[in-house]
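Me: Hi, could you walk me through this structure? I would like to begin with what sits around the ligand.

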Amino acid sequence: MKLGNQGTDRIDMQTLDAKDLPLLFQRRFGAEPLVFRAPGRVNLIGEHTDYNDGFVLPAALDLSTYAAIARRSDGVIRIHSVNLNSDFSFDLDQPQSRVGAWSDYICGVAVELEKSGYRLLGADIMVFSTLPMGSGLSASAALEVAVGYALLNVSGEEIDLLDLAKICQRAENNFVGMRCGIMDQFISCHGVEGAALLLDCRSLEHRTVRIDPSVRIVICNTMVHHQLASSEYTQRRRECEEAVALLSSSIEGVTALRDVGVEQLEEHAARLPATILKRARHVVTENARALAAVAALEARDFAEFGQLMNASHESLRNDYNVSCAELDLMAELARAVPGVYGARMTGGGFGGCVVALVEASAAAHFADAVGPAYEKATNLSPMIFTCFPGPGAGPAIF
Ligand code: GLA
């Protein structure tokens, strides 16, 4: 890290490292902080299934958001974001409402923690993230979880990770106004080093699925984020709800698309308008693919896993209509590289990242094969990196 003479100004973001946070904190707030960390995620398969009570297979990233924190003697929360070089503060005793800025994630978490019965104390907080923002790797969930963890810790409250994940999801649903599912907050809390998690989003039962050392998870950031993302997300949720309303009148016991089988959907296809049928078809087939993919990964059948990833992308593109030209191109370029088993868009869509499963020996050449071709076609320089799944939220270890 390079600091100017006064310490807090002229921070060189290129050389800034999370382990510099305590020093930065001390210079700004004059106290010794504790530092907590929460990871972003990549979802291997099971996309747009979480809010349909279905199955997902995310892994926590080593890229994370860090929250350095020290208690204050009053009820004020003061926050500084290193990445945005922006500050804000609020009083825990005053009612808070959304302002449409990054601070909403933090305010939302504090509000929902208190609503759930936790008693928070005032604190100074400094946040810093190594996650690229708006890239579909869940920087917002990582921010919520890191700050929630830090606030609970300095307030002397017990930390129940499942409760924290649910509260952070509520902060996003109720305060920020984004109707996301539970996947991002759950994996940020429960990530396991070297593994993905198969999560049943209805029961929240989960189990680890080890990533074999002979393969690598490679993430390709398209560097685009289309504005449509959030309105289309809400629209998809509504379309799924409409499918459930129509199907539940003719199939017994259907409370979510999770309850509908692939053949069952086709039998009742005539009941659904064309667009609603396509949306339901994606969700229903994606749930089946997620479970088949876990079986393939556990059997070390990487070719099969790759085929399922490719099929997931096609379904997201053609039936769910949440892909975009840059994601399609990146997935296509990735699949053409020898040693790549499969590639698909990951996250909500309309930009963000492609995830590829790659033979370990081919991972080193992957970026050279894909990067220049993508750049030539789009004039955008992509960020391509191998992800080694890391642990979920906790104290930062430097
Ligand atoms: C976003 C949401 C998640 C999930 C994915 C799509 O990341 O936050 O809850 O719905 O999109 O799978």
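Reply: Before I list anything, a residue counts as near a molecule if one of its heavy atoms lies within 4 Å of it. Please also keep in mind that this is a predicted model.

Me: Okay, so which residues are around the ligand?

Reply: The residues around the ligand are Arg 41, Glu 47, His 48, Asp 50, Tyr 51, Cys 180, Gly 181, Met 183, Asp 184, Tyr 233 and Gly 348. Sorted by class, this shell has four nonpolar, three polar and four charged residues.

Me: And how far is an oxygen atom of the ligand from an N or O atom in the side chain of Arg 41, Glu 47 or Asp 184?

Reply: For the side chain of Arg 41, an N or O atom is 2.9 Å from an oxygen atom of the ligand. For Glu 47, the corresponding value is 2.6 Å, and for Asp 184, it is 2.7 Å. Taken alone, the ligand exposes 300 Å², and the protein buries 94% of that.

Me: Going back to Glu 47, I noticed Glu 286 in contact with it. Where does Glu 286 lie?

Reply: Glu 286 lies in helix α8, which covers residues 274-298. If you leave aside its neighbours within four places in sequence, Glu 286 is in contact with Ile 45, Gly 46, Glu 47, Thr 49, Ser 312 and Arg 344.

Me: Is Glu 286 buried or exposed?

Reply: Glu 286 counts as buried, because its relative accessibility is 0% and the cut-off for buried is under 20%.

Me: New topic: what is the order of the strands in the open sheet?

Reply: The open sheet has six strands in the order β5-β4-β6-β3-β1-β13, and their pairing is mixed. Its edge strands are β5 (86-91) and β13 (394-395), each of which pairs on one side only.

Me: How many bridges join β6 to β3 and to β4?

Reply: Strand β3 (residues 58-71) is joined to β6 by seven bridges, and these two strands run antiparallel; Thr 65, for instance, has Ser 129 in β6 as its bridge partner. Strand β4 (residues 76-81) is joined to β6 by five bridges, and here the strands run parallel. The bridge partner of Ser 81 in β6 is Val 127, while Arg 78 stands opposite Asp 124 in β6.

Me: Which residues of β6 are on each side?

Reply: Ala 123, Ile 125, Val 127 and Ser 129 are on one side, with Asp 124, Met 126 and Phe 128 on the other, and all of them are buried. In other words, seven of the seven residues in β6 (123-129) are buried.

Terms used: Residues are numbered from 1 along each chain as its sequence is written. This is a predicted model: local features need pLDDT of at least 70, side-chain atom pairs count only at pLDDT 80 or more; totals for chains, interfaces and linings use all residues. Side-chain values use heavy atoms; hydrogens and water are left out. Buried means under 20% relative accessible area, exposed over 50%, partly exposed in between (1.4 Å probe, protein chains only). Helices (H or I, at least four residues) and strands (E, at least two) are DSSP runs, numbered from the N terminus. Two strands pair if DSSP finds at least two bridges between them. A polar contact is a pair of N or O atoms within 3.5 Å; within protein, one must be able to donate a hydrogen and the other to accept it, and residues adjacent in sequence count only if both atoms are side-chain atoms. Accessible areas come from the Shrake-Rupley method with a 1.4 Å probe; for residues, only the protein chains shown count as cover. Ala, Val, Leu, Ile, Met, Phe, Trp, Tyr, Cys and Pro count as nonpolar, Asp, Glu, Lys and Arg as charged, and the others, Gly among them, as polar. Contact means heavy atoms within 4.5 Å.
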